Amino acid sequence: MDRYIVLVAVILVGCVVVCLFLKRYYQKRMEAVYQAMLQKLDKAIGGEVQDTVYDESMEAAVVERLNRVVQISGMNQGKAEQERDIIKSLISDISHQVRTPVTNIMLYAGLLQEQDLDSDSMRLADKIQKQSDKLDFFMKELVKSSYAEQEMISIHPEKISVEEILNTACQMVELAAVKKKINIVLEESGTLCFADKKWTTEALGNVLDNAVKYSPENSKVTVGVIPYESFVCIQVKDQGIGIREEEQGMVFERFYRSKDVSGEPGFGIGLYLAREVFSKQGGYVKIKSEIGKGTIVQLYLSCYEV
Amino acid sequence: MNILTTQNLKKQYDMGEIQVKALDGINLFVREGEFLAIVGTSGSGKSTLLHMLGGLDVPTSGKVVVDGKDISKMTKDELTIFRRRKIGFVFQNYNLLPLMNVYENIVLPIKLDGIRPDRDYVEQIITLLGLKEKKYAMPDQLSGGQQQRVALARALATKPAIILADEPTGNLDSRTSQDVLGLMKTTGQRFGQTIVMITHNDEIAQMAGRIIRLEDGKICGGENRYAESEE
């Protein structure tokens, strides 16, 4: 009798132990499955199409579906991008096509002015000249604003010296500065940064252009470099009209123009483009300004590859 | 879309006879992906507000809604997990664990979640924050700025939707502050994160896209401009 009880007890205990083992085993397996699933989902979120094996396992079926989702979302994105590209290339085509005749009109108007004309015709020729200058300016801005479209700015950062960028950008505005007798002071520095040469120069050129445009004659524009541990700061300081505090954030928005400067030509593209270019290469832009005293624009570039 | 909102948020402390209103009816709206600075003098309630937003403290009344979920209704356990997955914290005094090296500190919140760290991603943030050479250093071998960068990396490690920063540059000199803030801003941009930072320093607040002023537990200035636009 006792023997039976012991035997039954042993069998029962054995069963419980086996059950517990099985439970732990399956729990572990489930966890592993979820873990693997989680990783696959993470990859799918990252837009990656994953390798599948074609067998009867659930896993393969799930991966197959996931890949479908990734492909569908990729396809929709691709379609939208394609449509945008068509419009963009149309705009840039038109603006480039128009520029040649505009340049020709300017040339012929100039030649006309040099002719021996009576005062009435002279006046008209002057008007043609002025209007075509204006048209030319707008066309240039239009080209710039079509650059400003996100995908048009393709940035390939490399290790270059900050000085190189400063020198080229300063040359871009030299003529305008000389005309207004503005002195551009370039502070020396031997710092290296990680930036796209062409676009960064263009962006800095825009900032300098503003500094010159909104400064009085005989003033000073200082371009300095401040090295930090992770960033290099290019600082452009002018003695111009300044920006009101409530507008300091808005000037970076596309097509935003302060009503204080409605007399000056411009589209509200320059600073927007500058901010895009800098944030695309791991930097950022900051502004400090006091009305009537001047503006400090700080452009931060990354020191190392990001 | 508003990722973070508070509705009539109040917090009172009873100090014997006197009631202290730390927060007095805050209606805050934070958009996805923005960098918001909350400015106020000490005692204005800004730290209390940040703690409420992160579920570190319970409000006396009112709601905190994160990503459509009312966190004041969550249980303690739910809240812990929610915090770990959704929110990254950066504190003034870094709060690094002194016995772990830089890498271990960074992956700690991922490991707490029982998930294997995504090595590529972790390497990416280490490189972004310039900590490559310091990967195996101990916290006490690092400068203040470096320690705060490790703390930022740790906050980023779980890919949180929101980063809450409590005076992140309070212990740093102005030069290092600029550096850390710049990294916060650029990593936020890169990973599409919403950042809410509190500070008493106007200069530091200028780094943010939007500034809100807090005084005596009330929003008293700045641009709470999404208030009417939604709901």
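**Helix packing, a covered strand and a chain contact**

Trainee: Which residues of α5(A) meet α6(A)?

Mentor: Happy to start there, with a predicted model in which local features need pLDDT of at least 70, side-chain atom pairs count only at pLDDT 80 or more, and totals for chains, interfaces and linings use all residues. Residues are numbered from 1 along each chain as its sequence is written, while chains are lettered from A and ligands numbered from 1 in the order in which they are written. Contact requires C-beta atoms, placed from the backbone, within 7 Å, and helices are DSSP runs of H or I with at least four residues, strands runs of E with at least two, numbered from the N terminus. On the α6(A) side are A:Gly270, A:Leu271, A:Leu273, A:Ala274, A:Val277 and A:Phe278, and they are met from α5(A) by A:Trp199, A:Thr200, A:Ala203, A:Asn206, A:Val207, A:Asp209 and A:Asn210.

Trainee: At what angle do α5 (residues 197-213) and α6 (residues 270-280) of chain A pack?

Mentor: Axes are lines fitted to C-alpha atoms over the stretch in contact, and angles run from 0 to 180 degrees between N-to-C directions. The two axes lie 9 Å apart. The packing angle is about 145°.

Trainee: How many residues of β3 (35-39) in chain B are buried?

Mentor: Buried means that 20 or more other C-beta atoms lie within 10 Å of the residue's own, with C-beta atoms placed from the backbone. B:Phe35, B:Ala37 and B:Val39 point one way, B:Leu36 and B:Ile38 the other, and all are buried. That makes the count for β3(B) five of five.

Trainee: Which residue of β8(B) stands opposite B:Ile38?

Mentor: Strands pair if DSSP finds at least two bridges between them. β3(B) and β8 (residues 194-199) of chain B are parallel, over five bridges. Opposite B:Ile38 stands B:Ile198.

Trainee: And which residue of β9(B) stands opposite B:Leu36?

Mentor: β3(B) also runs parallel to β9 (residues 210-215) of chain B, joined by four bridges. The residue opposite B:Leu36 is B:Arg210.

Trainee: How far does α6 (174-191) of chain B reach from its first C-alpha to its last?

Mentor: The expected span is 1.5 Å times one less than the number of residues. With 18 residues, α6(B) has an expected span of 26 Å, and its reach is close to that. The value is 26 Å.

Trainee: Which residue follows α6(B)?

Mentor: Several residues of α6(B) are buried, including B:Val180 and B:Leu183. After the helix comes a residue whose phi is positive, near 60°. This residue is B:Gly192.

Definitions and conventions: A residue is buried if 20 or more other C-beta atoms lie within 10 Å of its own, exposed if 12 or fewer, and partly exposed in between; C-beta atoms are placed from the backbone. Two residues are in contact if their C-beta atoms, placed from the backbone, lie within 7 Å.
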